[in-house]
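Colleague: I should like to learn how helix packing and residue burial are read from a model. Could you take me through the structure shown here?

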Amino acid sequence: MNDANQNWYQASRNSNAQYPPLTSNENVDVCVVGAGITGLTTALHLAERGYRVAVLEAQQVGFGASGRSGGQMIFGLAAEQPSIEKLVGKADAQKIWQASLAGLDLLRGRIAKHNIDCSYAPGHAHVAIKPRHINELKHWADDLQTHYHYPVELWDKQRTQQEINSQRYCAALYDGNSGHIHPLNYTLGLAQAANTCGVSIYEHSPALAIDHTQEPAGPTTITTATGSIKAQFVVLAGNAYLANVGDALRNKIMPVGTYICATQPLGQERAQALIRNNIAVADINFVLDYFRLSHDTRLLFGGRVSYSTVPPANLARAMGARMRAVFPQLHNTRIDYAWGGFVGITVNRAPHFGRLASNVYFAQGFSGHGIAATGLAGKLMADAIAGTAERFDVFTRIPQMAFPGGRLLRTPALVLAMAYYRLKDLLP
């Protein structure tokens, strides 16, 4: 959406590794489409089990949301547990909850096992802006502690403003098990680990077509402009950036633009004065702000969304104004980078897992909550391919609606619907 040199993640990447395009016809056990966290995690776990795996990436490793997001790794899913319970029942909701927590542990485990330098830091707070938000946080905390036995802390206004130096916030729900990472460096680390395990990664190799007409008797063929791959299994992991081969999935997700800016380096003392313990923060508005500090003491501040996929004019100025509404003490602070990208959202905000055929798996629609959930999806798809599909199948039982209006009308319909939620955010 923006040039790479406007993206602080690209400017601070710790690897310039490049992978060749596919220029031949290959035969493998598994072909993964998409070199983000979902696809690379799938590939890594399968390679560690001895599978021959190839990954096709239309652009570069981490080009999509995996290399552009806020980097906040948060418990649960974008759809909260009461919503999941209504969709699948309490028993399956409990399984999904436990799987989501396992996703956090898996992420930390991969960082440690593969020595991935991605600036991991623990701690996350959901913050309240108005009195009704305080009640929402109290109900949320009570549900997590009572029904899911998950320890969270509810901070009052004084403690919240002690930890986060903004008069905007009046309470917080703090979780020490969540945290934040440099998402692009994590994704690059996954690619290096997968490649070391024998995974063939092909960049600038968009999948143009997928042929599984021989299913279930024969392999599936994925073609690119300059080659092809035959595979016994296929994993579609392009999410909002999946094109050409994903037509059967596209009506279940909506690409939504989201935006981030990075300030000039603040220095350790000034950065710590903003966020005392280097935690990640997000408010609980529907159109929310989210922010954290970087390893080089910048404030990374995200917010705004574009349901029309049209980015705001003068993005750095727009994001800077939003940031200064939260931290007016940064009135004279320079914005060095501003960028955006697409996340894939579903109607119910729960992720969409499934199969297009018995040997073609997909996971998409993480709805802005994907740092841990995408890696979990990759592990569950790898498990399913290896013959243990129980946890993957629990997620496939989450019902997913198509966005109304078809391709021509669904975007304007969603823009109108989101106007309601923007107005609701403004109510006291």
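Modeller: The following turns treat helices first and single residues afterwards.

Modeller: This is a predicted model, in which local features need pLDDT of at least 70, side-chain atom pairs count only at pLDDT 80 or more, and totals for chains, interfaces and linings use all residues. Residues are numbered from 1 along each chain as its sequence is written, and side-chain values use heavy atoms, with hydrogens and water left out.

Colleague: How many residues has helix 2, and what span does it reach?

Modeller: Helices are DSSP runs of H or I with at least four residues, strands are runs of E with at least two, and both are numbered from the N terminus. The expected span of a helix is 1.5 Å times one less than its number of residues. Helix 2 (residues 37-48) has 12 residues and reaches 16 Å from its first C-alpha to its last, close to the 16 Å expected. Just after helix 2, G50 takes a positive phi of about 95 degrees.

Colleague: How many residues of helix 2 are buried?

Modeller: A residue is buried under 20% relative accessible area, exposed over 50% and partly exposed in between, using a 1.4 Å probe and protein chains only. In helix 2, 11 of the 12 residues are buried, so this helix is largely enclosed by the rest of the structure. The buried residues are I37, T38, G39, L40, T41, T42, A43, L44, H45, L46 and A47.

Colleague: What are the corresponding values for helix 10?

Modeller: Helix 10 has 15 residues and reaches 22 Å between its first and last C-alpha, close to the 21 Å expected. Helix 10 is mostly covered, with 15 of its 15 residues buried. G387, just after helix 10, takes a positive phi of about 110 degrees.

Colleague: At what angle do helix 2 and helix 10 pack?

Modeller: Axes are lines fitted to C-alpha atoms, for helices over the stretch in contact, and angles run from 0 to 180 degrees between N-to-C directions. Angles under 35 degrees count as roughly parallel, over 145 as roughly antiparallel, 65 to 115 as roughly perpendicular and the rest as oblique. The angle between helix 2 and helix 10 is about 40 degrees, with their axes 7 Å apart. These two helices, helix 2 and helix 10, are therefore oblique to each other.

Colleague: Is the crossing of helix 2 and helix 10 left-handed or right-handed?

Modeller: A crossing is left-handed if the near helix is turned anticlockwise from the far one by less than a right angle, and right-handed if clockwise. The crossing of helix 2 and helix 10 is right-handed.

Colleague: Which residues of helix 2 and helix 10 meet?

Modeller: Contact means heavy atoms within 4.5 Å. From helix 2, I37, T38, T41, T42, H45 and L46 meet I371, T374, G375, A377, G378, K379, M381, A382 and I385 in helix 10. The residues of this contact divide into seven nonpolar, seven polar and one charged. Here Ala, Val, Leu, Ile, Met, Phe, Trp, Tyr, Cys and Pro count as nonpolar, Asp, Glu, Lys and Arg as charged, and the others, Gly among them, as polar.

Colleague: How do helix 4 and helix 10 cross?

Modeller: The axes of helix 4 and helix 10 (residues 371-385) come within 8 Å and cross at roughly 90 degrees. Helix 4 and helix 10 are therefore roughly perpendicular to each other. A99, S100, G103, L104, L106, L107 and R110 in helix 4 meet I371, A372, G375, L376 and K379 in helix 10. The contact comprises seven nonpolar, three polar and two charged residues.

Colleague: How do helix 3 and helix 4 cross?

Modeller: The axes of helix 3 (residues 81-88) and helix 4 (residues 90-113) come within 7 Å and cross at roughly 130 degrees. Helix 3 and helix 4 are therefore oblique to each other, and helix 3 passes helix 4 in a right-handed crossing. Q81, I84, E85 and V88 in helix 3 meet K90, D92, A93, I96 and W97 in helix 4. Five nonpolar, one polar and three charged residues form this contact.

Colleague: Turning to single residues, where does H182 lie, and what does H182 touch?

Modeller: H182 lies in the loop between strand 6 (171-180) and helix 7 (183-196). At 1% relative accessibility, H182 counts as buried. Leaving out residues up to four places away in sequence, H182 touches W8, Y9, S12, C118, S119, R292 and H295.
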